[in-house]
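Please open the structure in your viewer and keep the selection tool at hand. This tour goes from stop to stop and says what to select at each.

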Amino acid sequence: MANINFNKKRYTPVTLLALLFNVIAKLIGNINFATPFYTIAQLQAQEAKLKNAIEDAINGSRQSRLHRNDVVKETQDMLAKLADYVRSECGGDATKLESSGYELSKHPEPIVVLEAPKYIRASMGNTKGQVNVRWGGVRGSRIYVLSICTGDTSVEANWQVLTMTSQHQFKAVNLKSGSSNSFRVNALGPRNEVGAMSQIAVSLAA
């Protein structure tokens, strides 16, 4: 009998956010899970809450890091409860289980080595405060993590997660007009394998 695997201790805050992102995407319109414990709106609200908490903690105070840890625990509990619901609805059916966005424990996908995204480009947008960023796809990737830096790029704490997306492009908005912004991107795999980081692309905001 197939099952899903959710071990909350194996996830970092960023990979936990990636899992939640994936589960939400798979649950939308999924007839196998008509009455989950949480609505899509509640899950999306938690996704935004966790994303903001991660960003605030990157270069924030001890209080912001403690808040991030609290939000991580909330998210872990939600995903654990949702995983129990998924199991109860699927009765060991591997196809249904896999459609939930969780990892199959008995038939996991192989660990893949993800290359760094190539051909990253950043260019001034058409709207004030906008920069358009594009990059090449990575074989075996599930989603991409795009980060931004407005200071010294050699200082890791200056980098902040801007978005997580399945696309190969993103429009960064509400940036300071005329400011110099650096961008980099890496891929996450089907089992949240963290891929190599791309080169840095720099552009002024419109």
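**Stop 1: T15**

Select T15, which is buried, with a relative accessible area of 8%. Buried means under 20% relative accessible area, exposed means over 50%, and partly exposed lies in between (1.4 Å probe, protein chains only). T15 lies in helix α1, residues 13-27. Now add N192 and V194 to the selection: T15 is in contact with both, leaving aside its neighbours within four places in sequence. Contact means heavy atoms within 4.5 Å.

A word on what is on the screen: this is a predicted model, in which local features need pLDDT of at least 70 and side-chain atom pairs count only at pLDDT 80 or more, while totals for chains, interfaces and linings use all residues. Residues are numbered from 1 along each chain as its sequence is written, and side-chain values use heavy atoms, with hydrogens and water left out.

**Stop 2: the whole chain**

Zoom out and colour by secondary structure. How many helices and strands are there in the protein? There are 4 helices and 9 strands. Helices (H or I, at least four residues) and strands (E, at least two) are DSSP runs, numbered from the N terminus. Read along the sequence, the pattern is β-α-α-α-α-β-β-β-β-β-β-β-β.

Turn the C-alpha trace: along its principal axes it spans about 55 × 40 × 30 Å. The protein has a radius of gyration of 18 Å, which agrees with the value near 17 Å for a compact globule of 206 residues. That radius is taken over C-alpha atoms, and the globule rule is 2.2 Å times the number of residues to the power 0.38. Buried residues make up 43% of the 206 residues. Among contacts between residues at least 6 apart in sequence, 67% join residues at least 24 apart.

**Stop 3: Y119**

Select Y119, in the loop between β2 (103-104) and β3. Is this residue buried or exposed? Y119 is exposed, with a relative accessible area of 63%. Its phi is near 60°, a positive value in a residue other than glycine.

**Stop 4: Q130**

Next, select Q130, in the loop between β3 (121-124) and β4 (131-134). Q130 counts as buried because its relative accessibility is 8%. Show the side chains of Q130 and N132: a polar contact of 2.8 Å joins them. A polar contact is a pair of N or O atoms within 3.5 Å; within protein, one must be able to donate a hydrogen and the other to accept it, and residues adjacent in sequence count only if both atoms are side-chain atoms. Not counting residues up to four places away in sequence, Q130 touches M124, G125, K171, A172, V173, A205 and A206.

**Stop 5: V138**

Move on to V138, in the loop between β4 and β5 (143-149). At 10% relative accessibility, V138 counts as buried. Which residues are in contact with V138, leaving aside its neighbours within four places in sequence? They are L114, E115, A116, P117, Y144 and A187. Then select C149 as well: V138 and C149 are 11 residues apart in sequence and 22 Å apart in space, C-alpha to C-alpha.

**Stop 6: N174**

Finish at N174, in the loop between β7 (169-172) and β8 (180-188). N174 counts as exposed, at 75% relative accessibility. This residue has a positive phi of about 60° although it is not a glycine.
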